[in-house]
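Please look over the sequence and the structure shown below before reading on. The report that follows takes up packing, one helix and charged pairs in turn.

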Amino acid sequence: MAKKSLTESDSNYDHLEKMTVGDLLGNINREDQTVATVVEKSIPQIEKLVLEIVPRMREGGRLFYIGAGTSGRLGIVDASECPPTFGVSHGLVVGVIAGGDGAIRKAVEFAEDDSAQGWKDLESFDIKPVDTVIGIAASGRTPYAIGAVKSARENGCLTGCITCNSDTELASVSEHPIEALVGPEFVTGSTRMKAGTAQKLILNMISTSVMIQLGHVSGNKMVDMQLSNEKLVERGIQMLMEKLGLTAQDAGTLLKKHGSVRAALQAHPG
């Protein structure tokens, strides 16, 4: 019999249906508290990958996340937040999910089992060797992600992966595997829980550190953010008030004139 993977191991808890709501919440939280420590152990792996991604993106490369189910959705969430947060184009960081965009909301049966489809989906973006492909799969054995990363590497792309098991096939085909071994889930096998949390934390670390290295943050401020709602406009005005010593009215006028915090700062260095 094949060795049971960590992500499929039995929960540390049993008889969940007999627990009170307070016990359920407390026990889930206790499990969640272990995730950050596990991710911390992966920082050297994450660092190596980020250091390879940055120069490629400076040369015009893009960053692709690819996965199925929860893993694919987490990649799409991280990718979709880069344009409003850092002011980059929507095509710079791209999330790809097995089954297409419809699978973001509703599972597409057996889509993750097609080992050839992942690369076909990446090819639709005219993928090039300067691009980076990161496969995301808690189990590390999802054919869709494995096939995509394997083909991407064969075609000269930089490759990495995020898994929650050790010594997986996905890791074996990736140049920079990241393994966050969070252990058994509270509900056995429900990798939307601790594994999903670990994947989200790692994706945050990758995209944020890459964007800072590419110059999209000044000090600790999102100076390139898109002013797509009133809350963000107000945040931009506050940044200019603090940086330039302006009144709210003057800062608002300056921001409206130049369209971004960075452009306003460059036009009015103070």
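Which residues of the largest nonpolar core touch the most other members? In this predicted model, the core in question holds 35 residues, and those that touch the most other members are Ile53, Tyr65, Val93 and Ile206. Two or more residues are given to this core by each of α2 (35–41), α3 (43–58), β1, α4 (69–86), β3, β4 and α8 (194–213), and the largest share, seven residues, comes from α8. Ile206 shows how such packing is built up: leaving aside its neighbours within four places in sequence, Ile206 is in contact with Ile46, Leu49, Val50, Ile53, Leu63, Tyr65, Ile134, Ile162 and Ile178. A second core, separate from this one, has 23 residues, including Phe64, Ala111, Trp119 and Tyr144. As a general background, nonpolar side chains tend to be buried together in soluble globular proteins.

**Helix α6**

Helix α6 covers residues 143–154, and because each of its 12 residues should add 1.5 Å, the expected span is 16 Å, which agrees with the 16 Å between its end C-alpha atoms. Buried within α6 are Tyr144, Ala145, Ile146, Gly147, Ala148, Val149, Ser151 and Ala152. These buried residues pack against strands β1 (63–67), β2 (93–97), β3 (132–136) and β4 (158–163), and also against helices α5 (117–123) and α7 (169–172). Just after α6, Gly156 takes a positive phi of about 90 degrees.

**Charged pairs**

Side chains of opposite charge can pair when their charged atoms come close. The count of salt bridges comes to five, and three of them are listed here, each with its N to O distance.

| Basic residue | Acidic residue | N to O distance |
|---|---|---|
| Lys194 | Glu31 | 2.8 Å |
| Lys128 | Asp126 | 2.6 Å |
| Arg262 | Asp224 | 2.5 Å |

In the salt bridge between Glu31 and Lys194, Glu31 lies in helix α1 (residues 21–32) and Lys194 in helix α8, so the pair ties together parts that are 163 residues apart in sequence. Both Glu31 and Lys194 are buried. Lys128, which pairs with Asp126, is partly exposed, with a relative accessible area of 40%.

In the salt bridge of Arg262 with Asp224, the pair links distant parts of the chain, with Arg262 in helix α11 (residues 261–267) and Asp224 in the loop between α8 and α9 (230–244), 38 residues apart. Is Asp224 buried or exposed? Its relative accessibility is 16%, so Asp224 counts as buried, being under the 20% cut-off, whereas Arg262 is partly exposed at 25%.

Terms used
Residues are numbered from 1 along each chain as its sequence is written. This is a predicted model: local features need pLDDT of at least 70, side-chain atom pairs count only at pLDDT 80 or more; totals for chains, interfaces and linings use all residues. Side-chain values use heavy atoms; hydrogens and water are left out. Helices (H or I, at least four residues) and strands (E, at least two) are DSSP runs, numbered from the N terminus. The expected span of a helix is 1.5 Å times one less than its number of residues. Buried means under 20% relative accessible area, exposed over 50%, partly exposed in between (1.4 Å probe, protein chains only). Contact means heavy atoms within 4.5 Å. A nonpolar core is a set of buried Ala, Val, Leu, Ile, Met, Phe, Trp, Tyr and Cys residues joined through side-chain atoms within 4.5 Å. A salt bridge is a side-chain nitrogen of Lys or Arg within 4 Å of a carboxyl oxygen of Asp or Glu.
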